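The following note is offered to a colleague who is meeting this structure for the first time. It proceeds point by point, from the whole chain to individual residues.

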Amino acid sequence: MAIRYRCRHCNTEIGVLPFDSEESIRKLHQLSEQEAKEFIHHEQNGDTTVESICEHCENSLKKFPNYYALKNWLQ
Ligand SMILES: [Zn+2]
C-alpha cells in the first residue's frame, strides 16, 4: 500500500511512502480521527493521498506567515 503525499497549497506531489495502513499515517502525524478524515483521501484508483505541505510552500510560509489562510493549515 503506497501513500502519496501532496502539497495542499500548490498540488505538487511531495513523495510516496510505503505505509501499510491508514493507522500508521495517523500515528506518525498524531492525527485524530476527524483530522484523518480531513487530510487523508482515498482515491478511486485505490491510492491513498495525504494532504501535506511541500518545502517550497513551507519556506514561503516562514517568510510570509500571513500570506496563507492559517485556518487551513496542517498543524
Ligand atoms: Zn507547495
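**Note on the predicted model**

1. The protein chain exposes about 5,500 Å², and carbon and sulfur atoms supply 48% of that area. The reader should bear in mind that this is a predicted model. Buried residues make up 27% of the 75 residues in the protein chain. Of the contacts with a separation of 6 or more, 36% are accounted for by residues 24 or more positions apart.

2. On the overall arrangement: the protein chain contains three helices and four strands. Read from the N terminus, these elements follow the order β-β-α-α-β-β-α.

3. The four strands form an open sheet. Their order across the sheet is β2-β1-β4-β3, and the pairing is mixed. The edges are occupied by β2 (13–17) and β3 (40–42); each has a single partner strand, so one side of each is left without a neighbour in the sheet. On average, neighbouring strands of this sheet are turned by 25° against each other, direction ignored. As background, strands of a sheet pair through backbone hydrogen bonds, in either a parallel or an antiparallel sense.

4. Both senses of pairing can be followed from strand β4. With strand β1 (residues 3–7), strand β4 (residues 48–52) pairs in the parallel sense over five bridges. Within that pairing, R4 has T49 as its bridge partner in β4, and R6 has E51. With β3, by contrast, β4 pairs in the antiparallel sense over three bridges. There, V50 in β4 is the bridge partner of I40.

5. The connection between β3 and β4 deserves a separate remark. These two strands form a hairpin with five residues between them. In the turn, G46 has a positive phi of about 100°.

6. How many of the residues of β4 are buried? Five of its five residues are buried, and the strand is described as mostly covered. T48, V50 and S52 point one way from β4, while T49 and E51 point the other way. Burial therefore applies to the residues pointing in both directions, since all of these are buried.

7. S52 in β4 also has a counterpart in a helix to be noted. F39 is found in helix α2 (residues 33–39). The C-alpha atoms of F39 and S52 are separated by 7.7 Å, although the two residues lie 13 residues apart along the chain. F39 counts as buried, at 6% relative accessibility.

8. Turning to charged side chains, the count of salt bridges comes to four. One of them is formed by R4 and D47, whose closest N and O atoms are 2.9 Å apart. This pair links distant parts of the chain, with R4 in strand β1 and D47 in the loop between β3 and β4, 43 residues apart. R4 is partly exposed, with a relative accessible area of 31%. Salt bridges that share partners join R4, E13 and D47 into one network.

9. E51 merits attention as a residue with two salt-bridge partners, R6 and R8. In the pair with R6, the closest N and O atoms are 3.9 Å apart. This pair links distant parts of the chain, E51 being in strand β4 and R6 in strand β1, 45 residues apart. In the pair with R8, the N to O distance is 3.3 Å. Here too distant parts of the chain are linked, since R8 lies in the loop between β1 and β2 and E51 in strand β4, 43 residues apart.

10. Is E51 buried or exposed? At 14% relative accessibility, E51 counts as buried, because the cut-off for burial is under 20%. Its two arginine partners are classed otherwise: R6 is partly exposed, with a relative accessible area of 24%, and R8 is partly exposed, at 24% relative accessibility.

11. A final point concerns cysteines. A disulfide is a covalent bond between the sulfur atoms of two cysteines. In this model the count of disulfides comes to zero. C10 is partly exposed, with a relative accessible area of 36%, whereas C54 is buried, with a relative accessible area of 9%.

Key:
Residues are numbered from 1 along each chain as its sequence is written. This is a predicted model: local features need pLDDT of at least 70, side-chain atom pairs count only at pLDDT 80 or more; totals for chains, interfaces and linings use all residues. Side-chain values use heavy atoms; hydrogens and water are left out. Buried means under 20% relative accessible area, exposed over 50%, partly exposed in between (1.4 Å probe, protein chains only). Contact means heavy atoms within 4.5 Å. Accessible areas come from the Shrake-Rupley method with a 1.4 Å probe; for residues, only the protein chains shown count as cover. A disulfide is a pair of cysteine sulfur atoms within 2.5 Å. Two strands pair if DSSP finds at least two bridges between them. Axes are lines fitted to C-alpha atoms, for helices over the stretch in contact, and angles run from 0 to 180 degrees between N-to-C directions.
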